[in-house]
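Work through the exercises below with the model open. Try each task before reading its solution.

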Amino acid sequence: MAKKESHIKTTMEEGEIYHPPEEFKKNANINDPGIYKYAEENYEEFWAEKAERLDWYQKWDKVLEWDAPFAKWFVNGKINASYNCIDRHVENGKGDKTALIWEGEPIDESKSYTFSELKDEVCKFANGLKELGVEKGDVVTFYLPMVPELAIGLLACARIGAPHSVVFGGFSPTALADRVQDSDSKVLVTADGYYRRGKKLNMWENALETLENTPSVEKVVVIDRLNREDISLTEGRDTYYHDLVENQSLECEPEKMDAEDMLFLMYTSGTTGKPKGVQHTTGGYLTGTSLTHEWVFDIKEDDIYWCTADIGWITGHSYIVYGPLANATTTIMYEGSPDYPEKDRFWKIIEKYKVTKLYTAPTAIRLFMKWGRKYPDTCDLSTLKLLGSVGEPINPKAWEWYHEVIGGGKCPIVDTWWQTETGMILITPLPGITSLKPGSATKPFPGIQADIYDAAGNSLPPNQGGYLVLKRPWPAMLRTLYNDSDRYKKTYWNEYGSDIYFAGDGARQDEDGYFWVVGRIDDVLNVAGHRLSTMEMESALVDHPAVAEAAVVGKPDDLKGHVPVAYVILEGEREGSDELEKELRAHVGKIIGPIGKPAAVNFTRDLPKTRSGKIMRRILKKLEAGEEAGDTSTLRNPEIVEELKKQVSN
Ligand code: WT7
């Protein structure tokens, strides 16, 4: 396993400590540090109390059933996520409060929905889905840009008990087809296209290409974002969204779902080429996401909260849609790019809506730093009270910039560690309690037990690098991988026994118990906060007729954290060239999607391999990072390392 090859080192240096500002602390939802001890000692009661924040049709008889590694939370509880995110707020007199603000990329195109209006839209779409034959348990796949119908669609599915599977709109038809096939979806919801940096981009063409390989799909719903007149729908299969919802009733009784019924699937990359269908359920997920949202972002009634993620990823599910709406928080979604029409678009949005809480990613922050402070400095950001970060470790320099330039030196920064699989934030400051160390996600959320293990499963003393593990189940955890419980067990619960979750991250804890996550230790790349599998990229490369063998590794990058770089052995007598490099990059882009394109392709006659023929990616990684290759004595072909070193330094 790749883990044994990796050499974990600490790249973050500790600097200044930031204590919660007095005023912030005084008004914070959670400012008594006793909560950690309480949750630790009364772990199940703690979560049971927190589940009471939701409305249940029927209360659970048992908080947790832990048949490691299979968990059931709130056993026999009955609940509906859509009801909890919408109806109950309407019933509690918040019908006129703004639930969702949608900002289109074209300037001056925006929409907002009150909780009552959102309820109407969700009911119409839910009834439309029923009309198409969607029943409880049927998976509906969404392949959409950031349009309001995506958020509405998630809640419509939740309302009728149809699990959703959202595939990021930037993925290719091949990647989409893999995910549709794996989930056996009968319905695909897509769009004619979308806006990106002012240009109109096609989406329908991708959907059509996908549909050639997805016989399970019987119905397609098309959102006409671009009002295109050059597309023709197939009678009996395709319907425009506006036609589907036009005459639907505004009432749709929410299904009484079991707490453990599947709420959604979210596909994510693993160490093999086949994406994993991470399965999340209803009661625990909503408890975990709504509680963390309220506590970590210190949510108040009048907050205007903006998470800049795409709903195509878990962050958008948990912290644009479910967490905020379950808390009756006004949540913003933005359709487009941060530099359209100008590089100040984010700051203009904050000014326009008087945003109070901003949640974004280090890769974006580094980009803003590069663009310079003149963009934020011309906008009024004084409404901001707290800033969040997620997706990868944030380097202290970017942290300081975010704190100073965006937060005006007065906003706590919550650096939140979690994963698609964890569903909810697990390691994070509580902003009214935790002193911050730039670059550290600080401490486990109350009730969460995290630790650092060595390869043998010993808990490591402070400041020794090892593997991040979780030692207790948590309510929003994944329950399994769709149709693949074996892979679920092998991937997450195998290293240290069936009750210790192996996160796949290298990390250390410092002398104050703060966690410092270094990054992935397996063959997974984190590119601009997006998880990509090197195996997926390698198999896309060898799929090209010119390629005999390929290895992909991450190269450190100032903006994106890492970028993928490929090493390729060509077939027969073929020679590498700039054209071929371009062609291979495009080929991978076509199979995976633009985010999967390698930044560079190195042609080589051989790859460093062990005697048993395993490619030593660790050595390639070191070359890319400009480090010494280290011990090459176990290689079958140590001479290739010198050759590649010369090539890389050229
Ligand atoms: C991986 C999970 C969770 C939503 C976004 C990504 C890395 C995430 C942090 C952080 C250091 C982080 C980890 C993790 N990661 N947040 N605050 N500090 N690393 O979700 O695609 O499932 O990726 O992202 O490596 O394992 P994902």
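The exercises cover one residue, one helix pair, one enclosed helix and the cysteines.

This is a predicted model: local features need pLDDT of at least 70, side-chain atom pairs count only at pLDDT 80 or more, and totals for chains, interfaces and linings use all residues. Residues are numbered from 1 along each chain as its sequence is written, and side-chain values use heavy atoms, without hydrogens or water.

**Exercise 1. Place Phe142 and decide whether it is buried or exposed.**

Step 1. Locate the residue. Phe142 lies in strand 6 (residues 140-143). Helices (H or I, at least four residues) and strands (E, at least two) are DSSP runs, numbered from the N terminus.

Step 2. Check accessibility. Phe142 has 0% relative accessibility, so it counts as buried. Buried means under 20% relative accessible area, exposed over 50%, partly exposed in between (1.4 Å probe, protein chains only).

Step 3. List its contacts (heavy atoms within 4.5 Å). Beyond neighbours within four places in sequence, the partners of Phe142 include Phe125, Leu150, Cys157, Val167 and Val189.

**Exercise 2. Describe how helix 3 packs on helix 10.**

Step 1. Take the geometry. Helix 3 (residues 43-51) and helix 10 (residues 283-296) pack at about 85 degrees, and their axes are 10 Å apart. Axes are lines fitted to C-alpha atoms, for helices over the stretch in contact; angles run from 0 to 180 degrees between N-to-C directions.

Step 2. Classify the angle. The two helices are therefore roughly perpendicular. Angles under 35 degrees count as roughly parallel, over 145 as roughly antiparallel, 65 to 115 as roughly perpendicular and the rest as oblique.

Step 3. Name the residues. Phe46, Trp47, Lys50 and Ala51 of helix 3 meet Thr287, Gly288, Leu291 and Trp295 of helix 10.

**Exercise 3. Explain why helix 7 is largely enclosed.**

Step 1. Count. Eight of the eleven residues of helix 7 (residues 173-183) are buried, so the rest of the structure largely encloses this helix.

Step 2. Identify them. The buried residues are Pro173, Ala175, Leu176, Ala177, Arg179, Val180, Asp182 and Ser183.

Step 3. Find the cover. It includes strand 6, helix 8 (204-211), strand 14 (262-268), helix 17 (534-542) and helix 18 (578-592).

Step 4. Look past the end. Asp184 follows helix 7 with a positive phi, near 55 degrees.

**Exercise 4. Count the disulfides.**

Step 1. Apply the rule: a disulfide is a pair of cysteine sulfur atoms within 2.5 Å. The count is zero.

Step 2. Check Cys85. Its nearest cysteine sulfur, that of Cys123, is 13 Å away. Cys85 is buried, at 0% relative accessibility.

Step 3. Check Cys379. The closest cysteine sulfur, in Cys411, is 15 Å from that of Cys379, too far for a bond. Cys379 is also buried, at 9% relative accessibility.
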